[in-house]
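Let's take a friendly walk through this structure, one piece at a time. Keep the viewer open and turn the model as you read.

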Amino acid sequence: MQLLSSFLKHRKTDEQLVELIETLMVACKEIALQLREGALAGVLGTSENVNVQGETQKKLDIIANDVLKKVLLDNPLVAGLASEEEDDPVAGNREGRFLVTFDPLDGSSNIDINVSVGTIFSILELREGEDPASHGAYLQNGRRQLASGYVLYGPSAVLALTTGQGVNFFTLAHTGDFILTQENVQVPAETREFAINMSNQRFWEPSMQSYIGDLLKGSDGPRGKNYNMRWIASMVAEVHRVLTRGGIFTYPWDEREPQKPGKLRLMYEGNPMSLLIEQAGGLASTCYSPILDVEPTEIHQRVSIALGSRHEVEALLRYHTPDQ
Ligand code: P6P
């Protein structure tokens, strides 16, 4: 059995990065404990607060966010953090080296029905002369991430992590250790499984309607095979399924909010998940270009997402290429 820290050190990972990842896991273990308690701890249900995203916060959204902020700001390596739940970044230690962006509890609409949720994180380096209390410090494209990952709080708590040398899974043991359970995760290039919120079909752009329409035609249609659909409404669970057995997950542009490219957030969901997917041999696209190439202009900006099995994302891109 290989513990997270010994695995990373064996891979010659930057020691300070290892320390920061271990700090993040301290917070995620606390969040996992609170989730396990659920109703017993009186942490279910919604708060009175509405976050910067315009979403009513669940009590556990706030708890998870507070745990991550406290634990991270206690670490002198952390120069600052930006959370999906916070209007503005929070400066940390003046001598700090790293910036952390996170979605503290993705999929939280599932908490009250006891369905998997997760913490998504991304680690960047503070650039020379940047102010970690300013939005600008965090506006770095996804290829500048030093590491990204998530902890999926499911039947077991699983960390999916990349530090730029592939993707590995670690399972939280009763001892409180994250133990390596899958090394060098690879997304199968082919799939028969797609994940999209079909109830929005009438609001998608025609190219997405055409692509999904052809999947639904099955073996009689142009794709020549039958597909299965999954929708958990928890991106962490969807991405974990894609990393584990392949698939395509997409949350596309929607005409109800035409000024926004999509529902999901670039800095807290799109970039960290896209780095994992690319590191595992998959593709992650805005439906027109790689998500990791997007140059951020706002820390809460949205992005359209299509990610997963390489050949399936390539097929989707062919429907979105103007000369089709
Ligand atoms: P919908 C959860 O709120 C989330 O941000 C993602 O985790 C998930 O994939 C998506 O939104 C679900 O959206 O519209 O199906 O509720």
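Two strands are taken to pair if DSSP finds at least two bridges between them. Bear in mind as well that this is a predicted model.

With that in hand, start at the eight-stranded sheet. The sheet is open, its pairing is mixed, and its strands come in the order β4-β3-β5-β6-β7-β8-β9-β10. At the edges you will find β4 (90-91) and β10 (178-182), and each has a single partner strand, so one side of each is left without a neighbour in the sheet.

Now move inward to β5 (residues 98-106) and β6 (residues 117-125). These two strands run antiparallel and are joined by seven bridges. Asp106 in particular deserves a marker, with Gly118 as its bridge partner in β6. We will meet Asp106 again when we reach the ligand.

Which helices lie on this sheet? Helix α3 lies across β3 (78-83), β4, β5 and β6, and runs at about 160° to β5. Helix α6 packs on the sheet too, touching β3, β5, β6, β7 (147-153), β8 (157-162) and β9 (167-172), and its direction makes about 85° with that of β6.

Stay with α3 for a moment, which spans residues 59-73 and holds Leu68. Is Leu68 buried or exposed? Leu68 counts as buried because its relative accessibility is 0%. Setting aside neighbours within four places in sequence, Leu68 is in contact with Leu24, Ala27, Ile31, Phe102, Pro104 and Thr119. For a sense of scale, pick Leu68 and Val185: they are 117 residues apart in sequence, and their C-alpha atoms are 27 Å apart in space.

Next comes another sheet. Five strands make up this open sheet, in the order β12-β11-β13-β17-β15, and here the pairing is mixed. The edge strands are β12 (228-229) and β15 (283-285), each of which pairs on one side only.

A good place to look inside this sheet is β13. Strand β13 (residues 248-251) pairs with β17 (residues 305-308) in the antiparallel sense, over four bridges. Strand β11 (residues 193-195) runs parallel to β13, and two bridges join them. Phe249 lets you see both pairings: Leu307 stands opposite this residue in β17, while Ala195 stands opposite Phe249 as well. As for the side chains of β13, Ile248 and Thr250 point one way and Phe249 and Tyr251 the other way, and all of them are buried.

Helix α6 comes back into the picture here. This helix, residues 266-279, lies across β15 and β17 and runs at about 25° to β17. You have now seen α6 touching strands of the eight-stranded sheet, β3 and β5 among them, and lying across β15 and β17 of the five-stranded one. How much of α6 is covered? The helix is mostly covered, with twelve of its 14 residues buried. Among the buried residues are Leu266, Met267, Tyr268, Leu275, Leu276 and Ile277. After the helix comes Gly281, whose phi is positive, near 90°.

From β11, follow the chain into the loop that leads to α4 (206-216), where Asn200 lies. Asn200 is buried because its relative accessible area, 7%, falls under the 20% cut-off. Its side chain makes a polar contact of 2.8 Å with the side chain of Arg256. Beyond neighbours within four places in sequence, Asn200 is in contact with Tyr251, Asp254 and Arg256.

Finally, turn to the ligand. Which residues come nearest to it? Of the 13 residues around the ligand, they are Asp106, Trp231, Met235, Tyr251 and Lys263. Two of these names are familiar: Asp106 has its bridge partner in β6, and Tyr251 is one of the buried residues of β13.

Look at the oxygen atoms of the ligand next. One ligand oxygen atom is 2.8 Å from an N or O atom in the side chain of Asp106. Asn197 has a polar side-chain atom 3.0 Å from an oxygen atom of the ligand, and for Lys263 the corresponding distance is 2.9 Å. On its own, the ligand has 400 Å² of accessible area, and the protein covers 84% of it.

Notes. Residues numbered from 1 in each chain as written. Predicted model: local features only at pLDDT ≥ 70, side-chain atom pairs only at ≥ 80, totals over all residues. Heavy atoms only, no water. Contact = heavy atoms within 4.5 Å. Axes fitted to C-alpha atoms, helices over the stretch in contact; angles between N-to-C directions. Near = heavy atom within 4 Å. Polar contact = N/O pair within 3.5 Å; in protein donor to acceptor, adjacent residues only side chain to side chain. Areas by Shrake-Rupley, 256 points an atom, 1.4 Å probe, with all protein chains shown as cover. Buried < 20%, exposed > 50% of the residue type's maximum accessible area, 1.4 Å probe, protein only.
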